[in-house]
Amino acid sequence: GDILDDYLRTDGVWIFTRNKQFYKTNNERECAEKCEAERNFNCRAFLFTRKKLQCLTLAENAKMTVTFNGTDAVLYEKKIYLLQCKKGIGKDYRGTEAKTWRGIPCQKWAGKKPHNPNYTPEKHPNAGLDENYCRNPDGDENGPWCYTTDPATRFDYCNIPECEGQVTHTGEVECMQCNGEDYHGEVSRTESGLECQRWDAQEPHMHGYSLKHFPEKDLKMNYCRNPDGELRPWCFTTSPTKRWEYCNIPRCTTHPQVSSLGSQCLSQKGEDYRGRIAITESGNACQHWNTQFPHRHGWIPDRYPCKGLEENYCRNPDGEKRPWCYTMNSNVRWEYCAIPHCGGTEQGIAGMSNMPVEIPLSEECYRGKGQSYRGTTSITVSGKKCQAWNSMFPHRHEKTPDRFPNADLRGNYCRNPDGDNSPWCFTTDPSVTWEYCNLRRCDDHTQ
């Protein structure tokens, strides 16, 4: 697997840490390798800055120190140190519980008082004997323990909850098809063991995912769900410091039968199109989905097994207006494809055109700050494609249609819901959160 799979990623966050090392690296994977190889301290996380390509390996993670905004930074925390629950006897538990089940504080593993320990960081360097955190260095069947600060009690066990097993009431292991868009199970803890926030609650995190706005997404209780096309089911957490996190639900070993079926023509948005057209409407050849040249992207076939991302065929994996592809032209990142309509009626073709018929072509400029702009441009100043406003991929945000009902946040059209300088959008480039759009200001005399 990818080395980054062992880390939890958070964009735009910097953490204050005294124990760190600086390295020059080209990408996040190289930085992760530096963290794995770190010998100056126990590396729990790393920071990577995109502009300077700077890598900082860290002894602390966000649970242990202060966090603040850092626009260009990406924080990667080792998941094993975020897990607040134990699997089995908890031999690999690396959480921060530091008191016994009776509430007695633990003695530091490197300390000698009040008890002289048999298990020390020097004798067992790979057992995670940091500070005074509960651990299980000897594989005790009763789970993590610690030496106590009570002179009368040499050691005692800690009350570490079990990581929630993905087992249904019928005794079967829960699994998800595809990316879990249709997962209806009852797992309600995140992959680091945090309890999920109820979907009908707005504390500790406000959000727009309500049963009213997403009636078909089964947003019941606090169960993990995937209402927005993420990699896998997730939930908002009950921790004020962690807005959301993925849930650890395995993929089913058998694929749904419908995954091999699909339409050979265009109906609605063409999300079920599985034909073999591999050229864009302007004649550019399509880039293979499993390659990263000439354009780097996140639509990797192995990650999205049910999106039909075979060869270089035109597809619509992200709910766009119609099927598209990345192109082999290094100057054109992506384009729509010309797919014949099912039935081919004039009305059907008009309904699927790029430009909704009620919007005049002339309105491809904006007045003032562009808060009244209702055109259909969906390209940024640097040529990046806009992310749909009702999507949370690749960027999670709060500028949703239900929170800004008067801003006309349709599709992925450029808009200005928050009174910025001009119309803008979130981008589909994971490394660029948002940009202003490629629009000119209307002439003041234009009616």
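**Reading the rings, loops and pocket of a predicted model**

Me: Pro294 is placed in the loop between strand 9 (244–246) and strand 10 (324–326). What kind of peptide bond joins Phe293 and Pro294, and what is its omega?
Reply: In this predicted model, the bond joining Phe293 and Pro294 is a cis peptide bond, with omega of about 5°. A cis peptide bond also joins Lys113 and Pro114, where omega is about 0°, and Pro114 belongs to the loop between strand 5 and strand 6.

Me: What makes the phi of Glu311 worth a remark, and where does Glu311 lie?
Reply: Glu311 is not a glycine, yet its phi is positive, at about 45°, and the residue sits in the loop between strand 9 and strand 10. Its relative accessible area is 44%, and because values between 20% and 50% count as partly exposed, Glu311 is called partly exposed.

Me: How do you know whether Cys178 is buried or exposed?
Reply: The relative accessible area of Cys178 is 14%, and since the limit for a buried residue is under 20%, Cys178 is buried. Cys178 lies in the loop between strand 7 (155–157) and strand 8 (234–236), and its phi, near 55°, is a positive value in a residue other than glycine.

Me: Among the 30 aromatic pairs found in the whole structure, why is the one formed by Trp109 and Tyr147 called edge-to-face?
Reply: The ring centres of Trp109 and Tyr147 are 5.6 Å apart, inside the 6.5 Å limit for a pair, and the angle between their planes is 70°, so the requirement of over 60 degrees for edge-to-face is met. Because Trp109 lies in the loop between strand 5 (67–78) and strand 6 (145–147) while Tyr147 lies in strand 6, the pair ties together parts that are 38 residues apart in sequence. Both members are also buried: Trp109 has a relative accessible area of 0%, and Tyr147 one of 3%.

Me: What makes Trp324 and Tyr326 an edge-to-face pair as well?
Reply: Their centres are 5.0 Å apart and their planes stand at 85°, so the pair is edge-to-face; both Trp324 and Tyr326 are buried.

Me: How do you know that the charged end of Lys385 sits over the ring of Trp324?
Reply: The charged end of Lys385 is 3.5 Å from the ring centre of Trp324, which satisfies the distance limit of within 6 Å. Arg232, in turn, lies over the face of Tyr246, at 4.4 Å from the ring centre, and Tyr246 is one of the residues that ring pairs link into a cluster, together with Trp199, Tyr209, Phe214, Trp234, Phe236 and Trp244.

Me: Why is Leu53 classed as it is for exposure, and which residues does it contact beyond its neighbours in sequence?
Reply: With a relative accessible area of 28%, Leu53 falls between the limits of 20% and 50%, so the class is partly exposed. Leu53, in the loop between strand 3 (45–49) and strand 4 (54–58), contacts Tyr23, Lys24, Thr25, Asn26 and Phe48 when neighbours within four places in sequence are left aside.

Me: What is the volume of the second largest pocket, and which residues are closest to its centre?
Reply: The second largest pocket has a volume of about 600 Å³. It is lined by 24 residues, of which Phe41, Asn42, Cys43, Tyr81 and Asp130 are the closest to its centre; by class, the lining has ten nonpolar, five polar and nine charged residues.

Note on methods
Residues numbered from 1 in each chain as written. Predicted model: local features only at pLDDT ≥ 70, side-chain atom pairs only at ≥ 80, totals over all residues. Heavy atoms only, no water. Phe/Tyr/Trp six-rings, centres within 6.5 Å; stacked < 30°, edge-to-face > 60°. Helix = DSSP H or I, 4+ residues; strand = E, 2+ residues; numbered from the N terminus. Buried < 20%, exposed > 50% of the residue type's maximum accessible area, 1.4 Å probe, protein only. Lys NZ or Arg CZ within 6 Å of the ring centre and 35° of its normal. Contact = heavy atoms within 4.5 Å. 1 Å grid on protein atoms, 1.4 Å probe; cavity = no way out; pocket = protein on both sides within 12 Å on 5 of 7 lines; lining within 4 Å. Points joined across faces, edges and corners; volume = space filled by probe spheres on them. Nonpolar A, V, L, I, M, F, W, Y, C, P; charged D, E, K, R; others polar.
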